[in-house]
Amino acid sequence: MSANAFRPETILAADFGTASTRVSLFDVVEGTFRYIASGEAPSTVTPPYSDASEGLRHALQELEAVTGRAMLDESARLITPVNDDGRGCDVFVATSSAGAPVRTALVGLLPDVSLKSARRLAESSYLTVVETISLVDRRRMEQQLDALVKARPDVVILAGGTDGGASQAVLNLAEVVGLACLRLPTDPRVRVLFAGNSAVKDKVAEVLGHLALFAPSPNVRPELGRELLDGPRAELAQLLNDLRATQIGGLRELAHYAGGQILPTAQAEGQLIRFLNQTAGSANGLLSVNVGSASTSIAAAFNGELYLTVAAELGVGVNAHGTLADAPAEQFTRWLPSALSEAEVQAFGLERSLHPHTVPVDADDLQREYALARQALRGALRRARAHWPRSAPGARADLLPYFDLIIGGGAALSHAPHAGAAALILLDALQPTGVADLLLDRAHLLAALGAAAYANPMAAVQVLESGALMRLGLAVSAVGPARDGDTVCTAKLVDADGRETTAAVKAGALEVLPLPSGQSGRLTLKPRAGVDVGFGPGRAQTFDVANGGAVGIVIDARGRPLNLPKDPAARAERLQQWHFKLTGV
Amino acid sequence: MAYIPSTSHVTLLATLRRERTLPVPGEVIVRAGQRVEASDVVAHAEVSTAHRLLDFARALGLAAEKADACLVKQEGEPVKKGEVIAQKSGLLGRRSVTSPVDGRLVMAHAGKALLAATTTVELRAGLPGTVVNVLPGRSILIETTGALLDGLWGNGREDFSVLRLLGEVPEAPLDPAQLELSLRGAILAAGCLDSPAPLRALAEVGVRGLILGSAPAELVPELAAQTYPVLITDRFGVQGFSQPVFNLLAGNAGRELWLDASPPNRFAGTRPEAIIPLPVGHELPPPPLEGEPLKEGKRVRVLRGPQAGRVGTILGLSERPVSLPNGLRAPVAAVAVDEGRGSRQTVTVPFANLELLE
């Protein structure tokens, strides 16, 4: 790039969620990209508005109220690049998780090969799988056709055959899909993503090109033992972009401003997580979770590989009922300090889904909201872990692998009145092991930065380094045999001023060593024999903690997996103790 | 910036337009300007129920590329079960292939035929009114005047019949003893359902619809399974109707009502509703208000928290977010909620937990 090449300095990012539309402004301050401010407004992607730009306009008004910088001209058009008055932005990037569930059919050759990869591809975006067809399907061809027609998919992902491998079987499946397209509604026409044997791409296009909106993609399984999701994911994002543009007004024009594409929110977050993992150079992974109104996404990166999972049916608002239906009611109520009958749980889930914008007004209601967030995270994590590599380092195969960094996001976490409450939700739901930095994406910046990284990768790095995400602290989670009352680990923290804090953490307890944000310290951990705090069973370690957090250093000795007392009174007492430890209330 | 909450209509009189759409393209048989009654068939379409693939080349003993010439039916042509769709003549006589279904020959190519078994669906007007627009082959728009009641939940069915209100007060539970045979064919309204017991009696009586102020969430699966439309207007639980809803139903008892208990779909912008057609003079009333901002004097329903389900009037709005008892911060409204018998209590409710009643 030449020295005179355009380097955008002001980046405006917008994220269109099912419940909220958010905008974030980044600009260069003293030579470094910084997060400036955000604006938020209820989304207008659904009727009676059905136009994303209305919610964007409201969010920009809020941003303008904070910054004094207008982003729209008198005709409500985005000002770009920045004009002489300092109004507008140089680059506009956009992400979206909004819209009705995308009904998706998966068609592939073998369930454990191409279909598995197609499913992973589908589960990395906001798709709901409604039908699956493979070679081992025992139904007759006409029954498969009936099933596809009945499922009324918006999207079909057709996979199968390694590059240069099976071709006739793929064409046979394409024929079934073609017949289904012939019988499916033509307004809108079904979209078919072909992510199979690239050698037959043209022949498949011949079969489907005039019956469906055909989108060829790189093969998800170019070789039997090799899965490639990046290329297909990019094609799928474009396909979804086109689909959403037909469903939600204003998106097409906004995509034009955003360089032609509005990225799926989870994908933008995932890109950033992978980038951070690649630059970190650690053997341990990096994890980001986002609990939204309609969906919950999990982005994990190990050795520079991204494992992205979107649980499109698990959320704390629109899909609250889906979250509660995902597990027995007691999985939800166990997190509540006071009893709730099964009927009350059902009513809560239904009303929460029907009124997703509402907010809890008392402490009990807030705990229900948090329990819902835990439940959505647990369900999404269960789905995500099925795809993670077994080689990821960790204390035990059945537990969460080691993550150096865990970032929490989504309204339920970011709106928590106390940082400790957000930290507790992450610890309870994810149950990390070893030592992990906990960060909170309070201003919903991850997706914005992931999208901005396409325009300017340094912007994302510099903004993160400037402390735009809220540091909750360091979580040290002990794994190993211990009975209630046993001291699981002793911890000593010496801060930069030489002040010493110690704790003897007993089994079943959470302890906090205060270390505010911006302060460093030296931490010594001495676990009991057989207990692993991230360095091997019984192994002590002393290391520097570069930065504290709003909560501090949390030593979690509650055990993994976390078992709550069965007795309701004892459980309520424990929950209250843990909440008090982390929040002081 | 003004806050625009969702709107729930409890509207005594408005001009209403409702689209009626075929599930698949078909034929609209009414024209713009035509007056229709609720039971009038306004459009129909052929819906495929199953598909059959026939290898007629093999059945005729022909190579695939030669078989298509033996078709005696054209693509798109209707076929009857047993009707010949392809045949060939030879020295040993005729060989033919017949349709295994009543339906349509969808396509035939290279010796194979795709047949669809079909059935005809009829689209009824649903509610009486005037057809004001026709989208040929797909839908019509009907205009009527009357009362509109938005619901919270519906079981996906619809019907049109006479409204009968059971119970003297909004919270009165549905009592099986009230279910006389004279209610056969009516759409019943009752404050709440406190047990599943009345459901069997309702089926025995043969009602054509049920409107409930509230019903416990655990009864939702049973209500969803009823063969008549079921609409819940206010909340899940046993609180009954809110006063405005009860008043609207009580004021229209004995009139005909269209109950459209479609499940709420935020992405389609639809929710279950009841419409009571009412005659007006020459001047049409305005359409129902939608997208109004929250402001003093507006009637609202509380959606969440200890006051959930209560109805009141906005007294004032905070300019900035304030701390709630649980530590969350949100802009709030002071609402005078109705306590009954004219008394009121002032409560503080986040904007997000209010919906406008229009």
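Into which domains is chain B divided? In this predicted model, chain B has a domain 1 built from two stretches, 7–40 and 140–277, plus domain 2 at 45–120 and domain 3 at 299–357. If you look at domain 1 of chain B and domain 2 of chain B, you'll find their C-alpha centres 46 Å apart.

Now hop over to chain A and pick out two helices: α4(A), residues 168–183, and α5(A), residues 201–208. Two packed helices are described by the angle between their axes and the distance between the axes. Here the axes come within 9 Å and cross at roughly 20°. Angles under 35 degrees count as roughly parallel, so α4(A) and α5(A) are roughly parallel to each other. As α4(A) passes α5(A), the crossing is right-handed. Who does the touching? On the α4(A) side you can find A:V170, A:L171, A:A174, A:E175, A:V177, A:G178 and A:C181, while α5(A) brings A:K203, A:V204, A:V207 and A:L208. Sort the residues of this contact by character and you get eight nonpolar, one polar and two charged.

Finally, let's see how the chains meet. Chain A puts 35 residues into the contact and chain B puts in 37. On the side of chain A that touches chain B, the elements giving two or more residues are α1 (52–67), α3 (141–151), α4, α11 (342–354) and α12 (363–385). Which of them gives the most? That's α11(A), with seven residues. Sorted by character, this side of chain A has 19 nonpolar, nine polar and seven charged residues. Notice that α4 of chain A turns up here too, besides its crossing with α5(A).

Key: Residues are numbered from 1 along each chain as its sequence is written. Chains are lettered from A and ligands numbered from 1 in the order in which they are written. This is a predicted model: local features need pLDDT of at least 70, side-chain atom pairs count only at pLDDT 80 or more; totals for chains, interfaces and linings use all residues. Domain bounds come from an automatic or database domain assignment. Axes are lines fitted to C-alpha atoms, for helices over the stretch in contact, and angles run from 0 to 180 degrees between N-to-C directions. Helices (H or I, at least four residues) and strands (E, at least two) are DSSP runs, numbered from the N terminus. Angles under 35 degrees count as roughly parallel, over 145 as roughly antiparallel, 65 to 115 as roughly perpendicular and the rest as oblique. A crossing is left-handed if the near helix is turned anticlockwise from the far one by less than a right angle, and right-handed if clockwise. Two residues are in contact if their C-beta atoms, placed from the backbone, lie within 7 Å. Ala, Val, Leu, Ile, Met, Phe, Trp, Tyr, Cys and Pro count as nonpolar, Asp, Glu, Lys and Arg as charged, and the others, Gly among them, as polar.
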